[in-house]
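Biologist: I should like to understand the terms used for this structure. May we go through them one by one?

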Amino acid sequence: MNSVTIDGVPPHGGHGAGSSTGGGVTQAREKDIREDIAWAQINRDVLKSLDRPRASYWILFAFAFCLFLVGVACEIYQYNVGLGVSGMNNPDVWGLYIATFIFWIGMSHSGTLLSAILHIIHADWRKPIYRFAEAMTTFSLMTAGLFVAVHLGRLWQIYYALPYPNERWTWPNFQSPLLWDAMAIFTYLSSSILFLYVGAIPDFAICRDNASGWRKGFYDKLSLGWMGTDRQWRNFRVAYLVIACFLIPLAVSVHSIVASDFAMSQQPGWHITSFPPYFVAGALYSGCAAIITLFIMLRHTFRFEEYMTLPILDKTARLTFAIAMVWTYLNLIEYSSVWYGADAVAKETLIQRATGPYAVYWWAMNFLGSVVPFALIFKRLRANLTVMMIVSLLLNLGMWLERWMIVTPTFAHGYEPWTWNHSFFPSWVQWGIVLGSFGWFGMLFMLFCKLVPSVSMYEVKEMVFHRKLAKLHTREA
Amino acid sequence: MNVKRILGLFDDFDQASAALHELRNANLPHLDWNDVTIKSPIEHPDVESVLGVRPIPIRKYTLVGALLGGSLGFLGIATAQGNFFSQLKGGKPIIPLPPDFVLTYEMLILGGVYITVLGFLIAAGLPTRMKSELYNTAVSEDQIGVMVKSNAHCIAEVRKIFEKHRVLSIQEEVVK
């Protein structure tokens, strides 16, 4: 490519491309991305991830596949023998399945946060990392959906739940938040898939132009004949923005509705007004923590050091800390409103959580969710990938415990004393299926990263281009 | 006279923009400005503005989709409740508005998103066959293409303008 310069700076990285030595590294440490990366280099680096990942990719994939097999085996066992093997019985009829369902729904909010909210406020540092966050959204929702079926137990009668006129005289109760859940999750899942797909069309075209063999045909179909014309870009820009605008209230409504599953019941400990915002904050929190985990994994596995840079990780960590504090605040609001409220039963349930058989997990949840994030205020720790990996995993463990602590202790110590069962602990079948869900998610995610560019090439080009222009304007000024 | 297409590839937006400006100022006879197209690896509204105001009808699709989704959603749920719902209501309304609002809200978003995507595909002319017009894979990498469709004489003039602005390569074809 001939390099034409404006005031001595190449317009889209004609030279110095791909260089990561010398002074460039010092600059890269300070900036979200180097402005002198050539566009062709961006294509090459990202497309390479579809061909030759590090061995760690296959190790992670094999690990996820093994977890998935454990889950499948446990589900087959539960299917054959009956739901009794899960250990669930009155009063705890939801167990880990619904707790993990909420966890996965929460995880899905990260994509919306990075793709939609940060897109609307023009935070361009999101560009190298939003694609995999969107994929997380889609796969988290698909994983969450599995738990509805697993929880039902009798899979062969799943059609009972479908709304169609029939002679059984059964029909979904439209006033139940559970039905709103189904509608909201379906809307969120299908909209997220469309958002992910539409946003990836220009990148599919890049893949098509550089692929051969079966991949050529595959990307050709996915790119729909995209040629980057002004007509296509013009409409793409508006469509993407409009879908982003739809996704934000949708994401908020989805987790508010999931919170309503609890808050609209009469169970002590659940009947709390602040549950919907508390759930939404928790969802964003766990989603951000998961983004950090996957950020570090992808950065290493696909050699994305140029794109998933430490300054971007730093911004993500700071965002996570801010959301962690919102979650902590809402948690304290919940505790204090129960503590100082007139509902003696709800107060007793809270005391039971803190001192009863689940106290270890409850305190662990509070520690991991509210104290551990303080590690993120230290810049040196935010720049340490090992520490960040450990912290992000701990945060997600805390958020998973939060969901479990919402479900099980409340059932174990409900309104009527004769329903109490403080000895409930999930069986190995439940644990196996929960682990399997992580395997299923991991497997889908790894497959996605091998088939779809996990870094948005055209958006990174835009980022580089606009930053270079800004630099030129600054220099001229 | 044969109608032809010409695609010039430029190294950056400035050159492409300069070529477009000159093309516009040249007032070439037989050149319909709607037949001038930019092909680029990223969107660039400033350069696109040289082409003039071109329609973006997506918001209309969005409005129609959201209204259709919301209204059909409410009507569908209300119809189902009124006709098929067999649970005893104990004096409560058969069509309760607050819970139906939640479902209507979700359907509004669902309709809005689906029809927006449909509108995008229609407005952007997708899916399309790659063989139907000139294309160069460098466009998806780092070069900016300017494509013009006109008669042979006009295309010759366009070629001169492209060359004046240091075009990297030129492709031409006869439109069948």
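Modeller: The following exchange sets each term against its definition.

Modeller: This is a predicted model, in which local features need pLDDT of at least 70 and side-chain atom pairs count only at pLDDT 80 or more, while totals for chains, interfaces and linings use all residues. Residues are numbered from 1 along each chain as its sequence is written, and chains are lettered from A and ligands numbered from 1 in the order in which they are written.

Biologist: Why are E2(B) and E3(B) called paired strands?

Modeller: Strands (E, at least two residues) and helices (H or I, at least four) are DSSP runs, numbered from the N terminus. Two strands pair if DSSP finds at least two bridges between them. E2(B) and strand E3 (residues 144–151) of chain B have four bridges, in the antiparallel sense, so the definition is met. In one of these bridges, Val36(B) is the partner of Val148(B) in E3(B).

Biologist: What makes E2 of chain B an edge strand?

Modeller: The open sheet has four strands in the order E2-E3-E1-E4 (chain B), with antiparallel pairing. E2 and strand E4 (169–174) of chain B each pair on one side only, and are therefore the edge strands.

Biologist: How do you know that both faces of E2(B) are covered?

Modeller: A residue is buried if 20 or more other C-beta atoms, placed from the backbone, lie within 10 Å of its own; it is exposed at 12 or fewer and partly exposed in between. Val36(B) and Ile38(B) on one side, and Thr37(B) and Lys39(B) on the other, are all buried. In a regular strand the side chains alternate between the two faces of the sheet.

Biologist: What makes residues of chain B count as being in contact with chain A?

Modeller: The C-beta atoms of two residues, placed from the backbone, must lie within 7 Å. By this criterion, 54 residues of chain B are in contact with 53 residues of chain A. H4(B) supplies the largest share of the side of chain B that touches chain A, 15 residues.

Biologist: What angle do H10(A) and H15(A) make, and how is it defined?

Modeller: Axes are lines fitted to C-alpha atoms, for helices over the stretch in contact, and angles run from 0 to 180 degrees between N-to-C directions. Helix H10 (residues 275–301) and helix H15 (residues 385–412) of chain A pack at about 145 degrees, with their axes 8 Å apart.
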